[in-house]
Structures are given as C-alpha cells and as structure tokens.
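The following note is offered to a colleague who wishes to examine this model region by region. Each point takes up one part of the fold.

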Amino acid sequence: MNNSTILDMKGVRKSFGTVVALDDVSLQLNSKEIHGLLGGNGAGKTTLMNVLYGLYKPDAGEISLHGEGVEIHSPKDAIGYGIGMVHQHFLQIDSYTVAENIVLGTPLKNRPTLDLDQEEQRIQDLSERFGLEVNPRSRIEDLPMGIRQRVEILKALYRGVEVLILDEPTTNLTPQEVEGLFQSLRVMVEEGMSVVFITHKLREVMSVCDRISVLRDGRNVLTLSRDEASEESLVKAMVGEGLDVERSL
C-alpha cells in the first residue's frame with residue numbers, strides 16, 4: 001500500500017436482488033487529496049460511498065484505514081473512524097437553528113439548559129476557518145440550498161472527520177457558490193483532510209480533483225491523476241469505446 005494511502009477499499013461487491021450495483025470495485029484515497037469519483041447515472045459511485053459510510057452492507061470486500069482493516073456497520077461507526085458524508089438530500093430539521101442541527105446527536109456539556117454558546121462559537125470558528133460562512137443562530141427553514149449544504153459540511157467538520165465524502169455537491173449551487181465550495185475543499189486538504197468528490201461533471205473533476213477514478217456499470221474503469229487525464233480519456237472511460245457523449249458533461 002502506498003505510504004500516503006489512508007483509505008483502501010478492495011473487491012467491494014453489492015447486489016440488490018438480481019441487480020449487481022458494485023462488482024469487485026476498489027478505491028484508494030491518499031492523504032491530503034481531493035479524489036474525484038466520476039461516472040454516469042447508475043455507475044455505482046454513491047453506492048460505493050454508501051458502503052463506506054455504513055449505510056449499505058457489502059456482499060464482499062475489505063476496507064482498510066491507515067493500513068488496518070475495519071468493519072463499518074453504520075454511519076455512527078463511520079464517523080467514529082473519521083469518515084463523514086454529505087448526501088444530495090440533507091437530513092435537517094427545518095425548525096431548528098444551524099447550531100441545533102449541527103450538534104444534534106453529539107454530547108453536550110449544557111444539555112439541561114441547552115445553552116449552545118460554546119458550540120455556536122466553535123461552529124463560527126469552523127465556518128470562518130474553512131470559508132463556509134453561516135450564522136449558527138439562523139433557522140434552517142430560512143436558508144437557501146447553498147447555505148444548507150454548508151451546514152451539512154460543517155456538521156461533518158464539527159465531528160472532526162478526516163475523510164469527507166460529497167455526493168454531487170454542486171447540483172443546487174450557483175457558479176459563484178461552486179467556486180466557493182472548491183476553495184473550501186482546498187483549505188480542508190491543506191489542513192490534512194481528504195475528500196471524495198462524487199460527480200458526473202467532467203469540468204468539475206478537471207478543475208478541483210487531484211486524482212480521478214471512473215466507474216461504469218458498477219466496475220472500475222481507470223484511475224488517473226489530473227495531469228494524466230483529459231476530457232477525451234474520461235469520456236471514453238465513462239461511456240465506453242465507440243460511443244459518443246455530449247462534451248458538456
């Protein structure tokens with residue numbers, strides 16, 4: 001295993017009835033990198049990360065962190081191992097504040113009084129540190145989708161994750177918000193985190209990712225560094241030889 005590899009998934013298989021969603025899939029994530037997980041709809045990208053996050057139990061395969069084999073049976077296990085995931089659809093309580101959503105499920109020093117001053121300050125510090133501007137006292141129901149996504153990312157950062165998985169994170173963002181997100185991800189990597197960036201958009205992986213792995217029909221196709229990759233090579237990997245695809249992906 002590469003000395004800089006912090007996460008190693010080997011031979012992961014997952015079926016849903018007769019449908020094979022993942023067929024002997026492997027993925028290596030290095031320290032301090034943004035790793036693009038690229039593929040079309042149904043390629044298996046989210047399914048693979050749902051296995052890593054403990055939402056799905058694999059039929060076969062191994063997961064290692066820092067060279068040690070681990071078993072992840074639930075998101076609680078994943079977070080305990082320093083793995084966080086932000087899904088496309090956020091699990092948030094609209095009537096709660098940003099801070100209340102972020103600390104939900106974590107130990108609180110002032111549980112009887114629900115005094116969140118210390119927690120709000122920590123959230124404020126994290127938001128400033130990573131360029132994820134948000135008011136800890138705002139109610140979720142009053143926030144646009146771009147800010148709600150920041151809340152989900154801060155929820156993971158608040159729990160001290162080392163690996164952050166983002167599932168199609170730019171879907172509901174404006175171009176300005178996308179660039180802001182990319183800047184935040186670069187700060188995370190500079191501070192020692194690693195990111196798995198799930199997307200079907202070529203320009204995004206070429207813009208922000210250090211390495212890119214392509215899945216197609218639940219199988220590994222290739223893994224390249226950004227310097228080695230071209231839009232043409234990635235398109236061919238995504239759709240197969242001899243097929244055409246819109247260059248605007």
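**Notes on the predicted model**

1. Strand β4 (residues 60-65) pairs with β5 in the antiparallel sense, over 3 bridges. Within this pairing, L65 has E68 in β5 as its bridge partner. The structure is a predicted model, and the points below should be read as such.

2. The two strands belong to an open sheet of 4 strands, in the order β2-β1-β4-β5, and its pairing is antiparallel. At the edges stand β2 (19-30) and β5 (68-70); each has a single partner strand, so one side of each is left without a neighbour in the sheet. From one strand to the next, the twist averages 25°. Helix α1 (residues 45-52) packs on the sheet and touches β1 (5-16), β2 and β4. The direction of α1 makes about 115° with that of β1.

3. How many residues of α1 are buried? The helix is mostly covered, with 7 of its 8 residues buried. The buried residues are K45, T47, L48, M49, N50, V51 and L52. After the helix comes G54, which has a positive phi near 85°.

4. Two backbone conformations deserve a reviewer's attention. As a general background, most residues other than glycine have a negative phi. D24, although not a glycine, has a positive phi of about 60°. D24 is placed in strand β2, and with 53% relative accessibility it counts as exposed. E168 is likewise not a glycine and has a positive phi, of about 45°. E168 is found in the loop between β7 (163-167) and α6 (175-190). Is E168 buried or exposed? With a relative accessible area of 9%, E168 is buried, since the cut-off for that class is under 20%.

5. Strand β3 (residues 34-38) should be considered separately. In this strand 5 of the 5 residues are buried, so β3 is largely enclosed by the rest of the structure. In a regular strand the side chains alternate between the two faces of the sheet. For β3, both faces are covered: I34, G36 and L38 lie on one side, H35 and L37 on the other, and all are buried.

6. Which strands does β3 pair with? Strand β8 (residues 194-199) runs parallel to β3 and is joined to it by 5 bridges. Strand β9 (residues 211-216) also runs parallel to β3, and here 4 bridges make the connection. Individual partners can be named for each pairing: L37 has I198 in β8 as its bridge partner, while G36 stands opposite I212 in β9.

7. M193 lies in the loop between α6 and β8. At 9% relative accessibility, M193 counts as buried. What does M193 touch, leaving aside residues up to four places away in sequence? The contacts are K32, E33, L157, V161, E162, L164 and M188. As for K32, 161 residues separate it from M193 along the chain, yet the C-alpha atoms of the two are separated by 5.3 Å.

8. The largest pocket has a volume of about 400 Å³. Its lining consists of 20 residues, and Y53, M85, L91, E152 and K155 lie nearest the centre. The elements giving two or more residues to this lining are α2 (75-80), β6 (83-86) and α5 (145-158). By residue class, the lining of the largest pocket comprises 12 nonpolar, 5 polar and 3 charged residues.

9. The second largest pocket has a volume of about 230 Å³. Which residues line the second largest pocket? They are V51, K57, P58, D59, A60, G61, E62, I63, V70, E71, I72 and H73. Strand β4 supplies the largest share of this lining, with 4 residues. The lining of the second largest pocket divides into 6 nonpolar, 2 polar and 4 charged residues. This pocket connects with the earlier points: V51, one of its lining residues, is among the buried residues of α1, and β4, which gives the largest share of the lining, is a strand of the open sheet and is touched by α1.

Terms used:
Residues numbered from 1 in each chain as written. Predicted model: local features only at pLDDT ≥ 70, side-chain atom pairs only at ≥ 80, totals over all residues. Heavy atoms only, no water. Pairing = 2+ DSSP bridges. Axes fitted to C-alpha atoms, helices over the stretch in contact; angles between N-to-C directions. Contact = heavy atoms within 4.5 Å. Buried < 20%, exposed > 50% of the residue type's maximum accessible area, 1.4 Å probe, protein only. 1 Å grid on protein atoms, 1.4 Å probe; cavity = no way out; pocket = protein on both sides within 12 Å on 5 of 7 lines; lining within 4 Å. Points joined across faces, edges and corners; volume = space filled by probe spheres on them. Nonpolar A, V, L, I, M, F, W, Y, C, P; charged D, E, K, R; others polar.
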